[in-house]
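Colleague: Can you walk me through this one? I'd like the ligand site and then the sheets.

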Amino acid sequence: MRLTKEEQLMLDGDKGKGVQQAMEILVKMGELYGANRFLPVKNAHIDAAAYTTIWDAGTEFIEYLVDNGAKVAVPTTINPVSRDIRNWEKLGTTKKFAKKSKRLEDAYLKLGVIPTWTCAPYQCTNVPVFGEVVSWSESNAVNFINSVVGAKAERLPDLVDVCCAVVGRVPEYGLYKDENRAGDVLIRLEYFNDAWFRDSVDYAILGYRIGELVVNKVPVIAGLPDHTTPDDLKALSAAAASGGAVALFHVIGITPEAPNLKTAFHGRNDYDVINITPKVFRETEKRLSSANREEVDLVLVGCPHLSFPELKEIAGLLAGKHTAKDTKFWIHTSRTVYDLAARAGIAQVIEKSGAVILNDTCLMKMDCEGVWKGQHFVTNSGKAAQYAPAIAGVDITMANLKGCVKTALTGKRPKRRLY
Ligand code: F3S
């Protein structure tokens, strides 16, 4: 890689051993990916925040950087940790585990991160602008800011994301290069009537199927309605990044790099075409719903973390009601959004119903070992439907938001949706 004078000084140890270590890793990584140079970044988002993601070895690496003088070089937000920092005891986290999480949180605070502890920083704490080069990780967030905002990001590996934040640069590879942002595959939605795509679960199921079909190519989606919201695209981003490894998609007429097919495909017309119909959609939903019993142990929403409008909708559905005795309702959001919801009186309505709002974390980042095995979860998240069976050993039923709330109130899974 060609280094600037300043980058060479970092590599030579002029800015301390921590920065030097980060630079050594990034130069190796850049060479591995065929990058010729670094790009400066204006902000960063780190994925590797949960103890259950990087464990003791990762914690020691962050402490090594801190002990050797490193600090983040640009404003840096960060993903959920492995405990709800205010309520971990009530949520069953053990003292031993909370201590491990706290040690990692403290190391990150010393590194200088903005303690957002959220996987959806683009909702209010870190909002890049169109065309901005950033060093982000967390697959849903990278997909969202690439696709919906039009910023430039790649799916950086855990801890490499930390190195980028420390040097304020990223190797120029993959989606940082304009030529790699062209669409590869046209996804055509066919035979969907107006009743579809009224709830973000439809976007989650669509995203999941697209991820399975295109893996890590760039899909161009034609046929989504004009009323598609940022929360819908959040659900699509998360599911496409977990059903496959999609890091950028275009939606014709909606996302900034796709005003029309020609622009989305950079003028090419030799792309593949895949049609998605309601039949494909139902098959995908059925496959994601692995549970075969009615009683539900836990309803999980907020994967990725919920926005203020989503919390408001839930509060409207729960107002004056109480959740079923044997069914937990866990709602994940960031502390920032929670505080706004509390100021608006929304959080109180939700909590009065018996539902629990988790901040700073999510069920999948907490200590799941043996805690949920064999239980039945209902969720509206394609990402949770993919990961919760593997991480927590549970069975899943997918439902829309109204179905999730109804399940929390009755304890029974919702009937299959009719379209
Ligand atoms: Fe966020 Fe946890 Fe889902 S980090 S995207 S709520 S798995």
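Modeller: We can take the ligand site, then the sheets, then some backbone details. Bear in mind that this is a predicted model.

Colleague: Fine. Which residues surround the ligand?

Modeller: The ligand has P80, C119, E138, N140, G302, C303, P304, C362, M364, K365 and K383 around it. By class, six residues of that shell are nonpolar, two are polar and three are charged.

Colleague: And which pocket does the ligand sit in?

Modeller: The largest pocket holds the ligand.

Colleague: Which strand gives the most to the shell?

Modeller: That is strand 10, residues 298-306, with three residues in the shell around the ligand.

Colleague: Which domains does the ligand lie between, and why?

Modeller: Domain 1 (5-178) and domain 3 (290-410) each contribute residues to the shell, so the ligand lies between these two domains.

Colleague: Back to strand 10. What is the strand order in the sheet of five strands?

Modeller: The order is 12-11-10-13-14, in an open sheet with parallel pairing. Strand 12 (356-358) and strand 14 (395-398) are at the edges; each has a single partner strand, so one side of each has no neighbour in the sheet. From one strand to the next, the twist averages 25°.

Colleague: How many bridges pair strand 10 with strand 13?

Modeller: Three bridges, in the parallel sense, with strand 13 covering residues 376-379. As for who faces whom, L300 stands opposite T379 in strand 13.

Colleague: What holds such pairs together in general?

Modeller: Backbone hydrogen bonds pair the strands of a sheet, either parallel or antiparallel.

Colleague: Now the sheet of three strands. What order does that one have?

Modeller: The order is 3-2-4, again an open sheet with parallel pairing. Strand 3 (76-78) and strand 4 (135-136) stand at its edges with a single partner strand each, so one side of each is left without a neighbour in the sheet. Strand 2, residues 44-46, runs parallel to strand 4 and is joined to strand 4 by two bridges. A44 is opposite S135 in strand 4.

Colleague: Changing topic to the backbone. Where is the cis peptide bond?

Modeller: The cis peptide bond joins C303 and P304, with omega about 0°. P304 is placed in strand 10, and C303 and P304 are among the residues surrounding the ligand.

Colleague: Which residue other than glycine has a positive phi?

Modeller: L159 does, with phi near 75°. The loop between helix 5 (139-149) and helix 6 (160-167) contains L159.

Note on methods
Residues numbered from 1 in each chain as written. Predicted model: local features only at pLDDT ≥ 70, side-chain atom pairs only at ≥ 80, totals over all residues. Heavy atoms only, no water. Near = heavy atom within 4 Å. 1 Å grid on protein atoms, 1.4 Å probe; cavity = no way out; pocket = protein on both sides within 12 Å on 5 of 7 lines; lining within 4 Å. Sits in = over half its atoms within 2 Å of the grid points. Helix = DSSP H or I, 4+ residues; strand = E, 2+ residues; numbered from the N terminus. Nonpolar A, V, L, I, M, F, W, Y, C, P; charged D, E, K, R; others polar. Domains from an automatic or database assignment. Pairing = 2+ DSSP bridges. Axes fitted to C-alpha atoms, helices over the stretch in contact; angles between N-to-C directions.
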